[in-house]
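Please open the model in a viewer and keep the selection panel at hand. The tour below proceeds by selections, each followed by a short account of what is found there.

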Amino acid sequence: MLDLYDIIRKIEKRPAMYLGQPSITHLQSFLAGYFFARHQLGEVETEQEKQFANFDPWIQEKFKITSSQSWDKIILFFSQDERQALDLFFELFNEFARVDDNVEIPGLTHSIHR
C-alpha cells in the first residue's frame, strides 16, 4: 500500500483520476476515506499520518484563523474556486512538510501565482 504522501503526490499529478474533478472538497473526502479505511482495517497510524494531523492547526495559524474550520474550508475561503484551492493545497502541503520535517517531499513543487 502506498503511504499517505505518495498518494498525495499521485493526486497532484492526476487529480481528476483520483478525485473525479480537481476540487479541494473532493480531496478532503478522499483523504477522509483513506483514514477511515485504515482505521477500519486496524492499521497502525504511520509517522506521515501523525505528521499530517498537525496540518489543520498549521493552516489555522498560517491564515490567522481562530475558528474550528478545517484546512479545506480555510484554503477554499482564501481561493477563487475549488480548483485554485486544490492547487493552493499542494503548495501549502509542500511548505508544511518542509517546516514540520525540514525535508522537502519530492514531486510536490507546484506553485501558485496570485
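In which helix do phenylalanine 55 and tryptophan 58 both lie, and how many residues apart are they? Select helix H5, residues 55–62: both residues belong to this helix, three residues apart, which is about one turn of the helix. An α-helix has 3.6 residues a turn, so residues three or four places apart point the same way. The coordinates shown are those of a predicted model.

**The whole chain**

Before zooming in, colour the chain by secondary structure. Seven helices and zero strands make up its secondary structure, and the order from the N terminus is α-α-α-α-α-α-α. The chain has 114 residues, of which 38% count as buried. Its exposed area is about 6,900 Å², with 52% supplied by carbon and sulfur atoms. Among contacts between residues at least 6 apart in sequence, 58% join residues at least 24 apart.

Next, colour by pLDDT. The average for the chain is 88, and 86% of the residues score at least 70. Now select residues 102–114, where pLDDT stays under 50. For this segment the model has 34 contacts beyond four places in sequence.

**Helix H5 and its aromatic rings**

Return to helix H5 and display side chains. Its buried residues are Phe55, Trp58, Ile59 and Gln60. A pair of aromatic rings is described by the distance of the centres and the angle of the planes. By the pairing rule applied here, the count of aromatic pairs is 19. One of them joins phenylalanine 55 and tryptophan 58: this pair is stacked, with 6.0 Å centre to centre and 20 degrees between the planes.

Keep tryptophan 58 selected and add phenylalanine 96. These two rings form an edge-to-face pair, 5.5 Å centre to centre with 65 degrees between the planes. Here the pair links distant parts of the chain, since tryptophan 58 is in helix H5 and phenylalanine 96 is in helix H7 (residues 82–101), 38 residues apart. Are the two partners buried or exposed? Tryptophan 58 has a relative accessible area of 17% and is therefore buried, the cut-off for buried being under 20%. Phenylalanine 96 is buried as well, at 1% relative accessibility.

To see the wider setting, extend the selection to Tyr5, Tyr34, Phe35, Phe52, Phe55, Trp58, Trp71, Phe89, Phe90, Phe93 and Phe96, which form one aromatic cluster. Before leaving this region, select lysine 64, just after H5, where phi is positive at about 55 degrees.

**Aspartate 72 in helix H6**

Move to helix H6, residues 71–77, and select aspartate 72. With 4% relative accessibility, aspartate 72 counts as buried. Add serine 70 to the selection: a polar contact of 2.5 Å joins the two side chains. Beyond its neighbours within four places in sequence, aspartate 72 is in contact with Ile24 and Gln28.

**Arginine 83 in helix H7**

The final stop is arginine 83, in helix H7. Is arginine 83 buried or partly exposed? Its relative accessibility is 40%, so arginine 83 counts as partly exposed. Display Pro15 and Pro22 as well, since arginine 83 touches both when residues up to four places away in sequence are not counted. Lastly, select the C-alpha atoms of arginine 83 and threonine 25: they are separated by 9.6 Å, while the residues are 58 apart along the chain.

Definitions and conventions. Residues are numbered from 1 along each chain as its sequence is written. This is a predicted model: local features need pLDDT of at least 70, side-chain atom pairs count only at pLDDT 80 or more; totals for chains, interfaces and linings use all residues. Side-chain values use heavy atoms; hydrogens and water are left out. Helices (H or I, at least four residues) and strands (E, at least two) are DSSP runs, numbered from the N terminus. Buried means under 20% relative accessible area, exposed over 50%, partly exposed in between (1.4 Å probe, protein chains only). A polar contact is a pair of N or O atoms within 3.5 Å; within protein, one must be able to donate a hydrogen and the other to accept it, and residues adjacent in sequence count only if both atoms are side-chain atoms. Contact means heavy atoms within 4.5 Å. Rings of Phe, Tyr and Trp (its six-membered ring) pair if their centres lie within 6.5 Å; planes under 30 degrees apart count as stacked, over 60 as edge-to-face and the rest as tilted. Accessible areas come from the Shrake-Rupley method with a 1.4 Å probe; for residues, only the protein chains shown count as cover. pLDDT is the predictor's confidence in each residue, from 0 to 100.
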